[in-house]
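Open the model in your viewer and keep the sequence panel visible. The tour below goes from one selection to the next and says what is found at each stop.

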Amino acid sequence: MTDTSIMFCGQRLPAIGQGTWYMGEHASARRQEVEALKAGISQGLTLIDTAEMYADGGAETIVGEAIRGQRDNVFLVSKVYPWNAGGQKMAAACEASLQRLGTDYLDLYLLHWRGSFALKETVEAMQALVAEGKIRHWGVSNLDIDDMQALWQVEGGKACATNQVLYHLASRGIEYDLMPWCQSHEVPVMAYCPLAQAGRLRDGLFAHPDVQAVASNHRATVAQVLLAWVIHHNGVMAIPKAATMAHVKENAEALALILTAEELQRLDKAFRAPGKKVALDVV
């Protein structure tokens with residue numbers, strides 16, 4: 001299932017990966033979550049994104065169980081709390097994540113959001129982890145254009161491999177300036193919550209007649225249309241959570257869904273991008 005792919009950290013990966021936010025929070029769901037991640041890997045969704053924040057490390061434990069015996073088949077991403085994003089604190093946080101994940105290296109390590117550590121300290125700590133072989137690449141999450149421009153002024157900052165931000169059809173603020181900046185600087189965007197968070201916004205998105213019509217045109221699900229819309233943008237990949245086998249299959253099949261120019265225009269008109277700068281959406 002690699003009809004749609006993206007160059008990411010020097011290798012070509014499917015443009016849809018697997019997110020793990022809210023995994024590891026309930027023991028009763030553990031087996032289902034592990035099996036869903038395994039199924040995703042077998043269907044080509046080989047990038048798995050997690051964080052020390054998710055379930056206080058519980059999600060990393062779930063991921064560790066899922067990738068046991070097939071670590072080399074997975075592109076593994078985790079994130080560090082901003083208050084751990086410098087010096088020995090980062091070294092200790094990374095080591096704890098590696099222990100929970102049952103591996104000796106991360107393919108990508110992200111600053112979860114900007115905190116009190118200077119970007120210079122964070123970059124230096126990331127560089128140290130790369131030198132030690134603990135991580136192969138590093139990047140950021142939830143940084144808006146001002147922060148990205150500041151990062152580019154830091155020595156070594158241009159090694160940033162990605163910016164992971166919230167992005168979906170009903171939350172298009174990054175299209176005004178952040179996405180074009182990332183594209184022009186060849187920084188891939190990882191879209192979290194590409195299907196929107198549960199609630200009224202998601203309900204309205206899934207129930208919208210234009211979205212449903214496009215799904216009907218392809219005999220696809222609304223979720224598949226929304227994922228296809230996200231990843232049709234240059235340099236953008238999506239990391240939806242899928243805690244069930246059915247959702248994993250649905251996400252994997254979205255890789256083969258190509259929206260027409262007319263359909264893209266219809267969706268754009270239904271959910272217009274803002275014509276001015278808006279605050280970065282983070283929930």
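Select strand 8, helix 6 (residues 178–184) and strand 9 together: in this predicted model they make a right-handed β-α-β unit. The two strands of the unit, strand 8 and strand 9 (residues 189–192), run parallel and are joined by 4 bridges. To see where they line up, show Leu166 and Tyr192: Leu166 stands opposite Tyr192 in strand 9.

**Along strand 8**

Now keep only strand 8 (residues 163–166) and show its side chains. Which residues point one way, and which the other? Asn163 and Val165 point one way, while Gln164 and Leu166 point the other way. All four of these residues are buried. In a regular strand, side chains alternate between the two faces of the sheet.

Add strand 7 (residues 138–141), which pairs with strand 8 in the parallel sense over 2 bridges. Here Val140 is the residue opposite Asn163 in strand 8. Follow the chain from strand 7 and you pass through helix 5 (residues 145–152) before reaching strand 8; this β-α-β crossover is right-handed.

**Two loops beside strand 8**

On the way from strand 7 to helix 5, stop in the loop at Asn142. Asn142 is not a glycine, yet its phi is positive, at about 60°. Is Asn142 buried or exposed? Its relative accessible area is 16%, so Asn142 is buried, the cut-off being under 20%.

Next, select Tyr176 in the loop between strand 8 and helix 6. Tyr176 counts as partly exposed because its relative accessibility is 43%, which falls between the limits of 20% and 50%. Leaving out residues up to four places away in sequence, Tyr176 touches Pro274, Gly275, Lys276 and Lys277. For a distance, pick the C-alpha atoms of Tyr176 and Trp229: they are 17 Å apart in space, and the two residues are 53 apart in sequence.

**The whole sheet**

Show the strands of the sheet. How many strands form it, and in what order? There are 8 strands in an open sheet, in the order 3-4-5-6-7-8-9-10, and the pairing is parallel. Strand 3 and strand 10 (236–238) are at the edges; each has a single partner strand, so one side of each has no neighbour in the sheet.

At the strand 10 end, look at the pairing with strand 9: these two run parallel and are joined by 3 bridges. Val189 stands opposite Val236 in strand 10. Then add helix 4 (residues 119–132), which packs on the sheet and touches strand 5 (75–80), strand 6 (108–111) and strand 7. The direction of helix 4 makes about 165° with that of strand 6.

**The nonpolar core**

The largest nonpolar core has 97 residues. Among those with the most contacts inside it are Phe8, Leu47, Met148 and Leu151. Helix 9 (residues 222–231) gives the most to this core, with 9 residues. Select Leu151 and display what surrounds it: apart from neighbours within four places in sequence, Leu151 is in contact with Leu119, Val123, Trp138, Val140, Gly157 and Cys160.

**A pair of helices**

Hide the rest and show helix 2 (residues 58–67) with helix 3; their axes come within 7 Å and cross at roughly 45°. That angle is why helix 2 counts as oblique to helix 3. Where they meet, Glu60, Thr61, Val63, Gly64 and Ile67 come from helix 2, and Ser97, Arg100 and Leu101 from helix 3.

Zoom in on Ser97, which has its place in helix 3 (residues 87–101). Ser97 is buried, as its relative accessible area is 0%. Beyond neighbours within four places in sequence, Ser97 is in contact with Glu52, Glu60 and Ser78.

**Two last loop residues**

Go to Tyr22, in the loop between strand 3 (18–19) and helix 1 (30–42). Tyr22 has a positive phi, near 80°, in a residue other than glycine. With 38% relative accessibility, Tyr22 counts as partly exposed.

End at Thr46, in the loop between helix 1 and strand 4 (47–49). Thr46 counts as buried, at 17% relative accessibility. Setting aside neighbours within four places in sequence, its contacts are Leu13, Pro14, Ile41, Asn73, Val74 and Phe75.

Key
Residues are numbered from 1 along each chain as its sequence is written. This is a predicted model: local features need pLDDT of at least 70, side-chain atom pairs count only at pLDDT 80 or more; totals for chains, interfaces and linings use all residues. Side-chain values use heavy atoms; hydrogens and water are left out. Buried means under 20% relative accessible area, exposed over 50%, partly exposed in between (1.4 Å probe, protein chains only). Two strands pair if DSSP finds at least two bridges between them. A crossover is right-handed if, with the strands pointing away from the viewer, the path from the first strand over the helix to the second runs clockwise. A nonpolar core is a set of buried Ala, Val, Leu, Ile, Met, Phe, Trp, Tyr and Cys residues joined through side-chain atoms within 4.5 Å. Contact means heavy atoms within 4.5 Å. Axes are lines fitted to C-alpha atoms, for helices over the stretch in contact, and angles run from 0 to 180 degrees between N-to-C directions. Angles under 35 degrees count as roughly parallel, over 145 as roughly antiparallel, 65 to 115 as roughly perpendicular and the rest as oblique.
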